[in-house]
Amino acid sequence: MSGPQCCSNPPALNPSSGSGHVEKLGGFNSYVTGSPDSKLAILLVHDAFGYEAPKARKLADKIAAAGFIVVLPDFFNGDPFDGNLASLPVWIKAHGVDKTIEDAKPVIEALKSKGVSAIGAVGFCWGGKGVVELAKHDFIQAAVLCHPSFVTVDDIKAVKVPISVLGAEIDQLSPPEVVKQFEEVLSAKPEIKSHVKIFPKVVHGWTLRYNDEDEAAVKAAEEAHQDLLGWFLSHVK
């Protein structure tokens with residue numbers, strides 16, 4: 001997740017954004033939106049800018065409108081990346097992606113204790129690695145990776161649940177040639193339902209950090225949102 005691409009167009013964080021609310025779930029402050037009676041949940045694993053990013057919450061609200069309860073936990077415990085590239089290596093060390101699976105387990109348990117029977121997870125950039133780790137087990141029923149960071153071909157080989165990978169044409173972190181390798185691995189595993197798509201003319205981070213003034217960018221982000229929602233509607237039942 002090095003270089004400017006992972007951190008371009010940083011969001012203005014807003015703790016009161018979105019139409020949901022914040023509650024403690026599995027020990028983490030979490031943005032929760034959607035019907036509390038829903039038996040179907042989606043876990044959003046944020047990018048480096050954390051759970052107060054308005055566009056992450058807006059997407060959570062959009063997924064919730066389709067009938068899911070959606071949870072966006074603060075896996076950074078109040079310490080999202082501040083956009084200062086010089087401090088990125090130190091920040092990454094403090095917030096290792098390998099911790100996400102352990103952090104996500106109590107959140108998943110908390111959802112199950114509320115009566116949730118099926119869970120999907122989507123990870124963006126930093127969050128992609130945590131979601132692919134969850135997808136290697138039976139913690140979730142379906143996974144989506146949006147412009148993931150740190151995800152390897154070996155990770156994809158170990159996936160056990162239906163997975164969709166949405167990549168960007170301009171991405172130093174998951175370049176199209178790597179995403180195509182993911183596709184080759186998945187197409188050799190027909191028992192695992194998979195979907196891989198590379199979006200033309202967009203850059204890493206486009207699903208959450210699009211520029212509202214750029215019509216093409218907004219359209220590409222909305223297309224990705226529809227794709228991930230469609231994946232969950234098909235596989236989280």
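Reader: Where is Phe150 found in this model?

Author: Happy to walk through it, bearing in mind that this is a predicted model. Strand 6 covers 142-146 and helix 5 covers 153-157. Phe150 is therefore found in the loop between strand 6 and helix 5.

Reader: Is Phe150 buried, exposed or partly exposed?

Author: The relative accessibility of Phe150 is 31%. Buried means under 20% and exposed means over 50%, so Phe150 counts as partly exposed.

Reader: What is the phi of Phe150?

Author: Most residues other than glycine have a negative phi. Phe150 is not a glycine, yet its phi is positive, at about 70 degrees.

Reader: Is Cys125 buried or exposed?

Author: Cys125 lies in a loop, the one between strand 5 (118-124) and helix 4 (126-134). Cys125 has a positive phi too, near 55 degrees. Its relative accessible area is 1%, and the cut-off for the lowest class is under 20%. Cys125 is therefore buried.

Reader: Is helix 1 parallel, perpendicular or oblique to helix 7?

Author: The axes of helix 1 (residues 54-64) and helix 7 (residues 215-235) come within 11 Å and cross at roughly 45 degrees. Angles under 35 degrees count as roughly parallel, and 65 to 115 as roughly perpendicular. The crossing angle therefore makes helix 1 to helix 7 oblique.

Reader: How many residues of the contact of helix 1 with helix 7 are nonpolar?

Author: From helix 1, Leu59, Lys62 and Ile63 meet Glu222, His225, Leu228 and Leu229 in helix 7. Of these contact residues, two are charged and one is polar, while the nonpolar ones number four.

Technical notes. Residues numbered from 1 in each chain as written. Predicted model: local features only at pLDDT ≥ 70, side-chain atom pairs only at ≥ 80, totals over all residues. Heavy atoms only, no water. Helix = DSSP H or I, 4+ residues; strand = E, 2+ residues; numbered from the N terminus. Buried < 20%, exposed > 50% of the residue type's maximum accessible area, 1.4 Å probe, protein only. Axes fitted to C-alpha atoms, helices over the stretch in contact; angles between N-to-C directions. Parallel < 35°, antiparallel > 145°, perpendicular 65-115°, else oblique. Contact = heavy atoms within 4.5 Å. Nonpolar A, V, L, I, M, F, W, Y, C, P; charged D, E, K, R; others polar.
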